[in-house]
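User: I have a chain open and want a quick walk through it. Can we start with the overall picture and then go residue by residue?

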Amino acid sequence: MANMRTAMDAAFWDLNISTPRALDGTARSIPGEPIPLDRSTASKALRIQQLSLLGNGFPLGIIPSYSPTTRKELGSFALQSLLFKAATSNWWLGFTGQFRPKKLVSDIKAELSSVDEWELPILKDIGKHFLEKSLYAFGLCSQLSLTPSSSLLLSTEKHGEKKGRRLRAMLFHKLPEYDITLEAAWPELFLDHKGRYWEVPESISLDCLSLVSEDGLRYRFGLHKNGGHPRAVDNITDEPPLSLMQGICGKAAVSYEKSKDFWRIKEKKEDIIIETDKGRIYRPSYDIRLREPHAAVSGIIGGTLEAWLNNGSSSSSASKHTRPFAVDLFGSLCCTFQHGKFKESFGDLTRVDARLDVSSALALTKQVSKVFRKASSNNATDVLSSPRLELILQQQVAGPIVFRVDSKFSLNSPAGVQLEDFVCSLNYSLKLLQSGKVVAWYSPKRKEGMIELRLFEF
């Protein structure tokens, strides 16, 4: 069913969103905004690992992606590839590249249209177009296993059409019941609920996350620091989200998660081992997480506590944290129905997930009280005051290919029920990985699309 963990993770700064805007394939969700679509969250596999595996199934190991740039002449279409990799028993290194062909093709066409005779200087002029740095982007990523439970990840990337480069570092340590992560980026890329990108010059986070216990209890706490003034990537004039303003924030959250089956057809041994005249045939589901027809309901409820410190800044933007100390509640309720075992070639998977999200009980209560008091206000409506309904539809097309649609509706917006986000995707399940798939998705809202490798996601 839809990932309930996202309800709590969306309150912190380390929830990754898939995007082709960055070579590492991720941007951060912004705390204090609605929970992102389930399909929008990034793959658990690093982008460089995805390119390494996906390259085996694409010509010359080149993977296409689609995303607009600030310079329209560069076009939205791009080609990505893993150019070099090296590895030892506890260390690996990868070098990735990206190429945008539209401007090159346009420039060469313009060059050739003015040519009467082919001469050596003409070929030199054409060759210069291939050296245009704005066509290319390069990234370097390396991971070192310090101990069996600790690892260090370092990465950098440079886009030819942009000034400066992006640096990231992550130190991960796994304990028996906790995961501790220290992350830093200069700058960090964030994505808001309207599909707009923001860059924060410095972003540093320290998080401690507990594993889900048998009784469904889970908690996490951490510190986060924003440095510098947020900058809009898409040349918009709106004020930056408050959560991205300069300052230090300490936050803690606790949640309780529970699920219950109305009915479920358990997979049996005779379902995957078929007796034939030629002997036994092993025929598992294309995806072990989609192998059992069922109807179920699940829910999560939790609370957050946060405190802001603005580093003594007296700027008007930094002073907009109207609540230096805040307590809030959140919750999600999901209903799931699945028909089919996803084993046959046709018509063996139809699945629907419907999830209701309340990101802020405080904002919702204030909005409801205004309605009952028939109060009017000139202030903008809190974006968290509207519950969101997310619908996920999955339908088998043929064999391991599944068409999926994720949509999110705002239920209490000024315009009534309103479609807020929409992502469609084609999924090709890889039976050898048990629960792995190649996903090609497109977001009309962001006008972006990419091909990813996802592991152990429904």
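**Overall shape and selected residues**

Analyst: This is a predicted model. For 458 residues, a compact globule would have a radius of gyration near 23 Å, and the protein chain has 24 Å, so the two agree.

User: What box do the C-alpha atoms fill?

Analyst: Along the principal axes, the C-alpha atoms of the protein chain fill a box of roughly 80 × 75 × 50 Å.

User: How many helices and strands are there?

Analyst: The protein chain has six helices and 25 strands. Of its contacts with a separation of 6 or more, 59% are between residues 24 or more positions apart.

User: And what share of the residues is buried?

Analyst: Buried residues are 47% of the 458 in the protein chain. The accessible surface is about 23400 Å², and carbon and sulfur atoms hold 62% of that.

User: Charges next. How far apart are the mean positions of the positive and negative ones?

Analyst: They are 2 Å apart, for 60 positive and 51 negative charges.

User: Switching to cysteines. How many disulfides does the structure hold?

Analyst: Zero. Cysteine 208, for one, is in no disulfide, and the nearest cysteine sulfur belongs to cysteine 249, 16 Å away. A disulfide needs the two sulfur atoms within 2.5 Å, so that pair does not qualify.

User: Is cysteine 208 buried or exposed?

Analyst: Cysteine 208 has a relative accessible area of 13%, so it is buried. Cysteine 141 also counts as buried, at 12% relative accessibility.

User: Which residues does arginine 220 contact?

Analyst: Leaving aside neighbours within four places in sequence, the contacts of arginine 220 include Cys208 and Leu209, along with Asp9, Asp14 and Asp207. Met8, Phe12, Lys251, Ala252 and Ala253 are also among them.

User: Where is arginine 220 placed, and how far is its C-alpha from that of leucine 209?

Analyst: Arginine 220 is in strand E13, residues 217–227. Its C-alpha is separated from that of leucine 209 by 4.3 Å, with the two residues 11 apart along the chain.

User: Is arginine 220 buried or exposed?

Analyst: Buried: the relative accessible area of arginine 220 is 3%, and the cut-off is under 20%.

User: Now serine 429. Where is it, and what does it touch?

Analyst: Serine 429 lies in strand E23, which covers residues 416–430. Not counting residues up to four places away in sequence, serine 429 touches Tyr286, Asp287, Phe342, Pro400, Gly436 and Lys437. Its relative accessible area is 5%, so serine 429 is buried.

User: Backbone geometry, then. Which residues does the cis peptide bond with omega of about -5° join?

Analyst: That bond joins tryptophan 186 and proline 187. Proline 187 is in the loop between strand E9 (178–186) and strand E10 (188–191).

User: What is phi at glutamine 434?

Analyst: Glutamine 434 has a positive phi of about 70°, although it is not a glycine. Glutamine 434 sits in the loop between E23 and strand E24 (436–443).

User: And what is phi at lysine 447?

Analyst: Lysine 447 has a positive phi of about 55°, and it is not a glycine either. Lysine 447 is in the loop between E24 and strand E25 (448–455).

User: Last one: how accessible are glutamine 434 and lysine 447?

Analyst: Glutamine 434 has a relative accessible area of 45%, so it is partly exposed. Lysine 447 is at 53%, and exposed means over 50%, so lysine 447 counts as exposed.

Technical notes:
Residues numbered from 1 in each chain as written. Predicted model: local features only at pLDDT ≥ 70, side-chain atom pairs only at ≥ 80, totals over all residues. Heavy atoms only, no water. Helix = DSSP H or I, 4+ residues; strand = E, 2+ residues; numbered from the N terminus. Buried < 20%, exposed > 50% of the residue type's maximum accessible area, 1.4 Å probe, protein only. Contact = heavy atoms within 4.5 Å. Rg over C-alpha atoms; globule rule 2.2 N^0.38 Å. Areas by Shrake-Rupley, 256 points an atom, 1.4 Å probe, with all protein chains shown as cover. Lys, Arg positive; Asp, Glu negative; His and termini not counted. Charge placed at Lys NZ, Arg CZ, Asp CG, Glu CD.
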